[in-house]
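I opened the notebook on this chain to look up how some of its aromatic rings, charged side chains and helices are arranged. The entries follow the order in which I looked.

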Amino acid sequence: MTAPTADLMDYDDVVAGFDPVMGLEVHVELGTRTKMFCGCPTAFGAEPNTQVCPVCIGLPGSLPVANAAAIESAIRIGLALNCSIRPSSQFARKNYFYPDQPKNYQISQYDEPIAYDGHLDVVLGDGTTWRVEIERAHMEEDTGKSLHIGGSGRIHGASHSLLDYNRAGVPLVEIVTRPIEGAGERAPEVARAYVTALRDLLRATGVSDVRMDQGSLRCDANVSLMRKDATEFGTRTETKNVNSLKSVEVAVRYEMRRQAAILAAGGEIVQETRHFHESDGTTSAGRRKETAEDYRYFPEPDLAPVRPDADWIESLRGTLPELPWVRRARIQSEWGVSDEVMRDLVNVGAVDLVIATVDAGASPEAARGWWVSFLAQQANTRGVELDGLAITPGQVAEIVALVDEGKLTTKLAQQVAVAVLDGEGEPAQIVADRGLEVVRDDSALQKAVDEALAANPDIAEKIRGGKVAAAGKIVGDVMKATRGQADPARVKELVIAACS
Ligand SMILES: [Zn+2]
């Protein structure tokens, strides 16, 4: 695949000349056991086309029945986003032909979304709060998946395509923001912070596993630019299926720079969908964007309107969990940490992981230290989000316990963590397999200490003369000789004893 070429404007020049306007559409796959309008299971990763029935592959004469658990989740999402819940909302047919859409229409909601007019307050990196207005949250069904064989993996250039309808009919809620204006240079940050907060909220609500890497949370980012003196929005593009939090930020920034370069050169922005390329952070043109008229929406005649009564809505409101930011404030005071420390935790996406690690028995300090430094570095090198690392809070707590018990030094513990990340098994087993435990045998250590002193007679002399600080070099040599398996404090004691 050749990388799309586009001239990009320097970001500083973009924000000096233009105001970005964003609209974010997030699709969340609900974690219901069965699909939106039939009884097929929704589990991820099954053999293709094994979770289908006449309803979800659109056979003539089949009739949909709405999933009550999905409606319940949609209402809870609406309530968590401070939306009003519509007393009567109608499903609608969104008509378009696409091979992964077996009915030739998608059952969605159009002019009567179940939830509307809400907001989500998100916290930015510097601690300020940005309110994102929510226009609507509506229910719909997912499409199947096309797999293009040969070529680049896209339909163009493929030799043939395969279709998997397991996902067709899985319940979705689409959450649409109102235009986000006035964020200026912070627009990409606001976009990322919003999707992050939304993900945390949805996870806390328990409606979805919100796995961006498995597509259960997907973000489409609409971006347009206004010249500083303009009074109307510019033409927007919609970058589809941006599948990580970092990518949301990268995609918005890229579109701002690309569009600004075109506008500055006197060109026009084409209203179109764009593909995001994870590999280099660029976008490339997709299809020209349809308008609502193209979809010929009309009310779904096979489904009755959804009419949740007020008591049901209020009882669902009662099931909402402690919201993530409320919980964060509580945890912060329990741990007694500063705003800055808490913000760092939020920024690296470590709050829930640290809480879970503390719940698994680690001290808040140790849990925090592991996730924000060593494991954050590992996530960075491995190019994954922190919660995408192949280590669980329970395993981190186990490693912390091994350090606390004096069985591992910090260095050794980091080796164990890397081995867990590489899929070598459980911490205790790795320690046993590799013989990583701290050497407790003083006679073995004494031998290494004597050798190190003999090899550095001048340093040995200094220590004997009272310069205890010089012992550091000898301790380092002993740690090397024991492959990091000695307890440095004990080694230092032995060095000083040997020189007195
Ligand atoms: Zn089905």
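**Entries on rings, charges and helices**

I began with accessibility, keeping in mind that this is a predicted model. Tyr110 is partly exposed, with a relative accessible area of 34%, and Tyr297 is likewise partly exposed, at 21%. Since buried means under 20% relative accessible area, I entered Tyr295 as buried, because its value is 10%.

I then turned to the ring pairs. A pair of aromatic rings is described by the distance of the centres and the angle of the planes, and I noted both values for each pair I looked up. The count comes to 5 aromatic pairs. Among them is the pair of Tyr110 and Tyr297, which is stacked, with 3.9 Å from centre to centre and 5 degrees between the planes. I checked where these two residues sit, and the pair links distant parts of the chain, 187 residues apart: Tyr110 is in the loop between β4 (105–108) and β5 (115–123), while Tyr297 is in the loop between β13 (282–288) and β14 (298–299).

Tyr297 also pairs with Tyr295, and here I recorded an edge-to-face arrangement, 6.0 Å centre to centre with 65 degrees between the planes. Following the ring pairs onward, I found that they link Tyr96, Tyr110, Tyr295 and Tyr297 into a cluster.

Next I asked which charged end sits over the ring of Tyr295. It is that of Lys94, 4.5 Å from the ring centre, so this charge is placed over a tyrosine that I had entered as buried, at 10% relative accessible area. A second case of this kind is Arg253, which lies over the face of Tyr11 at 4.3 Å from the ring centre.

My last entries concern the helices. For residues 352–499 the unreviewed UniProt entry carries the annotation "domain: Asn/Gln amidotransferase", and I take that name from the record alone. Over this stretch the chain is 70% helix and 0% strand, and the C-alpha atoms at its ends are 49 Å apart.

How are α10 and α11 oriented to each other? Helix α10 (residues 393–404) packs against helix α11 (residues 410–421) at an angle of about 160 degrees, with the axes 10 Å apart. Angles over 145 degrees count as roughly antiparallel, and I therefore wrote down α10 and α11 as roughly antiparallel to each other. I added that α10 passes α11 in a right-handed crossing.

Conventions
Residues numbered from 1 in each chain as written. Predicted model: local features only at pLDDT ≥ 70, side-chain atom pairs only at ≥ 80, totals over all residues. Heavy atoms only, no water. UniProt positions renumbered as here; feature names shortened; annotations may be inferred. Helix = DSSP H or I, 4+ residues; strand = E, 2+ residues; numbered from the N terminus. Phe/Tyr/Trp six-rings, centres within 6.5 Å; stacked < 30°, edge-to-face > 60°. Buried < 20%, exposed > 50% of the residue type's maximum accessible area, 1.4 Å probe, protein only. Lys NZ or Arg CZ within 6 Å of the ring centre and 35° of its normal. Axes fitted to C-alpha atoms, helices over the stretch in contact; angles between N-to-C directions. Parallel < 35°, antiparallel > 145°, perpendicular 65-115°, else oblique. Left-handed = near helix turned anticlockwise from the far one by under 90°.
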